[in-house]
Amino acid sequence: MTEKDITMLAFSLADSIEKDPRVLALKKAEKAMEENDEVGRLAFAFDTAQTRYNDFLKIYSETSPEVQKAQKNLYLHKKTLDEHPFVREYLSCYQEVRKMYDELQTVIFAPFNEHQCGDKK
């Protein structure tokens with residue numbers, strides 16, 4: 001197989017991935033999620049809670065009441081964001097695409113991950 005053949009196969013694979021229904025569903029879910037104002041507000045609240053938590057960790061110990069309260073607040077904002085229907089749909093689609101990439105990794109690249117060191121006995 002020539003370098004040109006390999007290049008053509010790589011481009012064909014990339015094109016097939018982009019046209020895969022799982023990837024198309026992920027892109028659609030991502031667009032819906034990004035365009036939703038409620039998701040935007042929830043993401044902003046989560047980001048703010050995360051910043052506050054990280055700032056508190058710089059000032060207080062992990063076991064301090066301030067950090068524990070900020071951690072709980074962060075958890076609640078993350079939970080609320082993750083439970084939004086658009087986010088759940090996105091995460092579900094993402095999981096399917098991730099599985100596809102894992103399969104490609106195994107089929108295409110796993111043979112190159114095997115290292116043979118030393119003498120075979």
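Helices in this description are DSSP runs of H or I spanning at least four residues and numbered from the N terminus, and the model to which that assignment is applied is a predicted one. Under this numbering K31 and E35 both belong to helix 2, which covers residues 21-35, and because they are four residues apart in that helix, they are separated by about one helical turn. The two side chains form a salt bridge in which the closest N and O atoms are 3.2 Å apart. With regard to solvent, K31 is partly exposed, its relative accessible area being 49%, whereas E35 is exposed, with a value of 53%.

A search of the whole structure returns nine salt bridges, among them the K31 and E35 pair already described. Another is formed by D15 and K19, whose closest N and O atoms are 3.1 Å apart. These two residues lie four positions apart in helix 1, and they are therefore separated by about one helical turn. D15 is partly exposed at 38% relative accessibility, while K19, with a relative accessible area of 55%, is exposed. A further salt bridge joins E18 to K27, and here the closest N and O atoms are 2.3 Å apart. E18 counts as partly exposed, with a relative accessibility of 39%, and K27, also partly exposed, has a relative accessibility of 39%.

Helix 1, which comprises residues 3-19, also holds I6, a residue that contributes to a nonpolar patch on the surface. The patch is made by M1, I6 and L9 and has an area of about 360 Å². I6 has a relative accessible area of 48% and is partly exposed; this value is compatible with membership of the patch, because residues are admitted to patches only with over 30% relative accessible area and no salt bridge.

Aromatic contacts were examined next. The count of aromatic pairs comes to two. One of them is formed by F56 and Y60, with the ring centres 5.6 Å apart and an angle of 80° between the planes, an arrangement that is edge-to-face. The assignment follows from the angle, because planes over 60 degrees apart count as edge-to-face. The two partners fall into separate accessibility classes: F56, at 17% relative accessibility, counts as buried, and Y60, with a relative accessible area of 34%, is partly exposed. The boundary that F56 meets is the one at 20%, because buried means a relative accessible area under that value. A charged group is also found over an aromatic ring elsewhere in the model, where K78 lies over the face of F46 at 5.7 Å from the ring centre.

In the loop that connects helix 3 with helix 4, the latter covering 65-83, S64 is found. S64 is buried, with a relative accessibility of 8%. A polar atom of the S64 side chain lies 2.9 Å from the backbone oxygen of S61.

Several separations between C-alpha atoms relate parts of the model that are distant in sequence numbering. A45 is placed in helix 3, which runs over residues 37-59, and its relative accessibility of 22% makes A45 partly exposed. From the C-alpha atom of A45 to that of T106, a residue 61 positions away along the chain, the separation is 38 Å. Helix 3 also contains D47, which is partly exposed at 40% relative accessibility. Between the C-alpha atoms of D47 and D5, which are 42 residues apart along the chain, the separation is 46 Å. F109 is located in helix 5, made up of residues 85-113, and counts as partly exposed, with 43% relative accessibility. The C-alpha atoms of F109 and A43 are separated by 36 Å, the two residues being 66 residues apart along the chain.

Technical notes: Residues numbered from 1 in each chain as written. Predicted model: local features only at pLDDT ≥ 70, side-chain atom pairs only at ≥ 80, totals over all residues. Heavy atoms only, no water. Phe/Tyr/Trp six-rings, centres within 6.5 Å; stacked < 30°, edge-to-face > 60°. Buried < 20%, exposed > 50% of the residue type's maximum accessible area, 1.4 Å probe, protein only. Lys NZ or Arg CZ within 6 Å of the ring centre and 35° of its normal. Patch = residues over 30% accessible without salt bridge, like charges linked within 9 Å, V, L, I, M, F, W, Y side chains within 5 Å. Areas by Shrake-Rupley, 256 points an atom, 1.4 Å probe, with all protein chains shown as cover. Salt bridge = Lys/Arg side-chain N within 4 Å of Asp/Glu carboxyl O. Polar contact = N/O pair within 3.5 Å; in protein donor to acceptor, adjacent residues only side chain to side chain.
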